[in-house]
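Thanks for asking me to look this one over with you. Here are some friendly notes to read beside the structure, set out as numbered points.

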Amino acid sequence: MELFDHLLLGLSVAITPINIVYLLAGAMIGMIVGIIPGFGPAAGLSILLPLTFGMDPIGAIMMLAAIYYGAMYGGTITSILLNTPGESAVVASTFDGYPLAQQGRAGPALVMQAVASFFGGTVGVILITVLAAVFALVTRSFGPPEFFMLVMMGMVTLVVLIGDNWRYGAVSALIGFALGTVGVDLETGLQRFTFGSAELIGGIEFIPIAIGLFGLGELYYAFYQGLHRAGSGGIIQYQNEKEFWPNAQDWIVSKLALVRGSILGFCVGLMPGAGATVASLMAYSIEKSSSKTPERFGKGAMEGLVAPEAANNAASAGAMVPLLTLGIPGSASTAVLLAAFVLWGVKPGPLLMEQNPELAWGLVASMYLGNMALLAINIFAIPVFVMMLKVPYRLLAPAVILVCTMGTFSVHGSIIEVWLMFAAGIVGFFMKLYGYSPAATVLALVLGPLAEETLRQTLIISRGSPLIFVERGTSLIILLITLGVVAFGIYMSHSRKAEKMKANAVDTSSE
């Protein structure tokens, strides 16, 4: 009963007219922030934070939180329609979202991503409400060894994404690891591969590389195919109105992916530093490895879109738990939210829900309302998004290049990052042309520096002994889970090969 009393208190705070206006404004702004390639929720929150000065603290925090999880909804729209992820958390959504749009199923893909985002976000908020205190105790035990093992778990997804072309995938991943070494060596303080450029001291950011490899690389490949000479129809042909809604098969194949992605995403999001990127990639990996038809993935499998979408939105909710209960940001976006709390004199931590229940439970309750509002906004606006597909390619392509350039430049105001984006676009074109994996490159770039940092910290703590990973209970559990995932993937691979050999034998005997 106490839980329901808290929720009623939160709802009474959240449904005041002014707070509803702030909530809807935040959801709409979050959608726009997510749609703009390269912007992302962290950058959007940083830029918009000064606008909340002078507002009521509860309403301001509700609006900023809505921008945060609303950006997850919007970020997938360009991933599906233009193969251009706005940030790393929606990279996995391009793997099957864009092929679905190429098949003339942009409408069903956008509807299913909206439903998956709503389901994952709502499950995440429910779990925040019920399990926040329990999971907060678990995350207190996390140190560098646990973070490193968690990153290794994320690296396992590379094996699944590489698939049959593992040699090309391995080369692609090595390119990403190499890009991740640019910057300052954390141990010696010396510069690595910066070539005297002050702008590269901080390393190569994900945004210009991802936008270049995925967005511009796809664009250049379309030029290579001659699509710019098409008179109309844009990138994708949206075939007919009856295909706007998902069919029964889409719901059937996606129902378990929704549940698995949501629970996995929340649990990964709980761990400070892990974030929605690792959650979405792990969800995609699990769906592909457990599928009886893994060959469909990457070619337009609906569950390959639904699982990472549910996971990244649930992870966004999960990242709020260490912020609210420990005062530890679980991601870059929640770090900005932590700054907002501090600006208004609110101290997140174990006593927040006791000392300031109106703010804490008002925020939780607003997330229920925000997810419902975003679901309605997304589905209502899908026809507008799909209209992009009817724009002639020769008009759409310059607009895409302009948006990518502005999005990249707006993050740090760096011309070098813009040039890196264009260079990555050329590399992405040749990767697509010869069968290499841009996804492996981006994922290695995102996860590589974190792996290096946490491994070095771990070895310093253990004085060079790798036994620390099995001596600490939490890291041992993560290690066993990782080994289990690898073993399960190998088992499924052998099972699929055996089934194919059996099917071929039957076909040969029938002839």
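**Notes on salt bridges, helix packing and a surface patch**

1. Let's start with R296, which counts as partly exposed because its relative accessibility is 31%. Do keep in mind as you read that this is a predicted model. The partner of R296 is E303: their side chains meet in a salt bridge, with an N to O distance of 2.3 Å. Is E303 buried or exposed? E303 is buried, at 7% relative accessibility, and the cut-off for buried is under 20%. This bridge therefore joins a buried E303 to a partly exposed R296.

2. How many salt bridges does a search of the whole structure find? The search finds eight. Another of them pairs the side chains of D250 and R105, at 2.5 Å from N to O. D250 belongs to helix α10, whereas R105 is in the loop between α5 and α6, so this pair ties together parts that are 145 residues apart in sequence. Both ends are covered: D250 has a relative accessible area of 5% and is buried, and R105, at 17%, counts as buried too.

3. Next, have a look at helix α19, which spans residues 438–462 and holds both E452 and R456. These two sit four residues apart, about one turn of the helix, and their side chains form a salt bridge of 3.6 Å, N to O. E452 is partly exposed, with 21% relative accessibility, and R456 is partly exposed as well, at 26%. Which residues are linked in a network of salt bridges? The network is made up of D185, R192, E452 and R456. As general background, side chains of opposite charge can pair when their charged atoms come close.

4. Now for helix packing. Two packed helices are described by the angle between their axes and the distance between the axes. Helix α4 (residues 57–82) packs with helix α5 (residues 92–102) at an angle of about 50°, and their axes are 6 Å apart. With that angle, α4 and α5 are therefore oblique to each other. Their crossing is right-handed.

5. A second helix pair is α10 (residues 248–270) with α12 (residues 302–318), whose axes cross at roughly 30° and come within 6 Å. Angles under 35 degrees count as roughly parallel, so α10 is roughly parallel to α12. The crossing of α10 and α12 is right-handed. You have already met α10 above, as the helix that contains D250.

6. On the surface, you will find a nonpolar patch formed by Y168, V171, I175, I426, F430, Y434 and Y436, with about 630 Å² of accessible area together. Which helices each supply at least two residues of this patch? They are α8 (166–180) and α18 (415–434). Y434 is one of the patch residues and is found in helix α18. Y434 counts as exposed because its relative accessibility is 53%, and the cut-off for exposed is over 50%.

7. Finally, please look at G180, also in helix α8. Unlike the exposed Y434, G180 is buried, with a relative accessible area of 15%. How far apart are the C-alpha atoms of G180 and V442? They are separated by 9.7 Å, although the two residues are 262 residues apart along the chain.

Notes. Residues numbered from 1 in each chain as written. Predicted model: local features only at pLDDT ≥ 70, side-chain atom pairs only at ≥ 80, totals over all residues. Heavy atoms only, no water. Patch = residues over 30% accessible without salt bridge, like charges linked within 9 Å, V, L, I, M, F, W, Y side chains within 5 Å. Areas by Shrake-Rupley, 256 points an atom, 1.4 Å probe, with all protein chains shown as cover. Salt bridge = Lys/Arg side-chain N within 4 Å of Asp/Glu carboxyl O. Buried < 20%, exposed > 50% of the residue type's maximum accessible area, 1.4 Å probe, protein only. Axes fitted to C-alpha atoms, helices over the stretch in contact; angles between N-to-C directions. Parallel < 35°, antiparallel > 145°, perpendicular 65-115°, else oblique. Left-handed = near helix turned anticlockwise from the far one by under 90°.
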